[in-house]
Protein chains: 2
Amino acid sequence: MADRADHRDYLIGVDFGGTKIYTGVFTANLTCLGRARVSTKASRGAAAVIERIARCVHEAVDECDLKISQVKGAGIGAPGAVDAESGVVIFGPNLGWENVPLKKELEKHLGVPVFVENDCNMAMLGVYEAELEAKPRHALGMFVGTGIGAGLIINGELYSGFNHTAGEVGHIVLESGRLPSPTPLNVPRCGCGNLGCLEALASRTAIFNRIRAAVHEGQQTMLTLFAKDFDKLRSKDLRKAIRRGDKLVQKVVQEAAQYIGIAVASLMNVLNPEVVVLGGGVIEALEEEMMPTITETALDYAMPGTAKGVQIRASKLADEAGITGGAVLALRGTK
Amino acid sequence: MADRADHRDYLIGVDFGGTKIYTGVFTANLTCLGRARVSTKASRGAAAVIERIARCVHEAVDECDLKISQVKGAGIGAPGAVDAESGVVIFGPNLGWENVPLKKELEKHLGVPVFVENDCNMAMLGVYEAELEAKPRHALGMFVGTGIGAGLIINGELYSGFNHTAGEVGHIVLESGRLPSPTPLNVPRCGCGNLGCLEALASRTAIFNRIRAAVHEGQQTMLTLFAKDFDKLRSKDLRKAIRRGDKLVQKVVQEAAQYIGIAVASLMNVLNPEVVVLGGGVIEALEEEMMPTITETALDYAMPGTAKGVQIRASKLADEAGITGGAVLALRGTK
């Protein structure tokens, strides 16, 4: 908790996704001093992307009137299966990456120690260290944005499983669509190829897809006034529409919240965590609209006994969870 | 691995469910010497049930021409939330139990140290010690019988969660039935009150319910020749019917196997275990009929990368998993 900012005490957190790179410079007590953001441009290949990450780090450092020589280490979260020990991104489908030695390459560019984790694990680490003061032994962080993923804390430690792919909660199936029915069901197909995954029912992508389909069927929404092309809209546009009385958006967002609640209950029944934290862009923008429904549905579906004393809450870190977790990773790694 | 059977070396395993109590006497190398079985009669209350457990233990010991004084300890699995440290059954809905000090009470009857666990955890412990020679760090055991539950091994240890209720995989939702549809869906309600839980779609109870409903709708099955009342039938009757060409039973059992496969994939996506073991009465009786479908569906639904090198297999211990796990529990506890 020392406020004294020794000149080698600064830490970098990098939240690195398929569309954007977001970096932050932190003190050892996890105060963020400055940030920078660039687009990923994954199609240019791994070497170019790693250069962009390095540039974004330098920008954030410069923004704080610091030099990279004052940085102790950097922690970076990557979307996909990550071997934290070797710092290799084993498999990153959104990036088109396979076995990229991110730690080694980024260290060449930055000249400081780099530590790599899965992006959702890293965000959960940020939430755990900076937000969960009671340090629960078992906790689940679910992040709802373009996709849906989670970070798991088990016995006080990040859990990543056998192939470093644990926490893919966006791909639990909630509507398998297999029940015999006289009419074909309207079960959405997920990006992963399966029918009825949580991500296909409740991510930002899914919410906009369902609104788009309803508009196609003749239903009305003021979102069409905000932009011709829904691809240009963000979660905060959904909030704006709901607060202005848009019934369609209200309904679709509530249905998404119910699905998230059912998924949270399924995960509570399997993992019985002490704390469930919801984060990501959708929750950040729509916390007031979604959290009551998520919590109520989760408690309704959880097994008796399982929910006793369990907290379900939205993260206060919002979009900063990832970079904060990166700083924690760097802090732990350089200790 | 000592074959020398010292006179205090025997161990007792007790598999204790809502309908039956099953006990086994084991050597220290987990060879079962004898077994006994009685009905639970849960309605008589906890004190009477604990007496029946003690009687069943004495019967198994007598069956082996041994005396209880030659027993080192007993391990017992109970259906519900169990505090393994205190040996208290916190919550056992199928028994009508709340906060029953099973360890303390059973020790009074037996005069040997007693160790208590959740029944599925105990069965998984039996599988882990007696069957999984490679000792995977992370493993999932799913047990399919009247209900569906699981035991989780994480970092080489049983995992039971915050309220000791982890592993309730029977209550993950696979058919939430919430999608808008022109006709009401035929989604079955689970004993827990929710719609579309795995247990309501693929347990023995669910399989017989679906066959019963089909017969009610006029479909034919030879099961009606085996018994007027389906409640008298067991999983092996399903196998018999399938092997004699019963199309309805074949179809319903295959659908149950698909649901189990989807659930296994959802759990693989969340937990990324190295080994998934399927056990319980339904799998024991219908291994040949169900395992190919379960495995194929699970691999189809698992995320890329998650299934790499992961084993999905039926337990060889079958109905002995629970009592074997009890012996392991007793062995560990008395070390």
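1. Strand β4 (residues 71–78) of chain A pairs with β8(A) in the parallel sense over 5 bridges. Two strands count as paired if DSSP finds at least two bridges between them, and strands are DSSP runs (E, at least two residues) numbered from the N terminus. Within β8(A), Glu117(A) is the bridge partner of Gly77(A).

2. Is β8 of chain A buried or exposed? The strand spans residues 114–118, and 5 of its 5 residues are buried, so β8 is largely enclosed by the rest of the structure. Buried here means that 20 or more other C-beta atoms, placed from the backbone, lie within 10 Å of the residue's own; exposed means 12 or fewer, and partly exposed is in between.

3. Please keep in mind that this is a predicted model, where local features need pLDDT of at least 70, side-chain atom pairs count only at pLDDT 80 or more, and totals for chains, interfaces and linings use all residues. Residues are numbered from 1 along each chain as its sequence is written, while chains are lettered from A and ligands numbered from 1 in the order in which they are written.

4. On confidence, the model scores ipTM 0.93 and pTM 0.93. Chain A has a mean pLDDT (the predictor's confidence in each residue, from 0 to 100) of 93, with 96% of its residues at 70 or more. Over residues 1–5 of chain A, pLDDT stays under 50.

5. Now to chain B, where β5-β6-β7 is the order of 3 strands in an open, antiparallel sheet. Its edge strands, β5 (81–83) and β7 (97–100), each pair on one side only. Antiparallel β5(B) and β6 (residues 88–92) of chain B are joined by 3 bridges, and Val88(B) in β6(B) is the bridge partner of Asp83(B).

Notes
Contact = placed C-beta atoms within 7 Å. Helix = DSSP H or I, 4+ residues; strand = E, 2+ residues; numbered from the N terminus.
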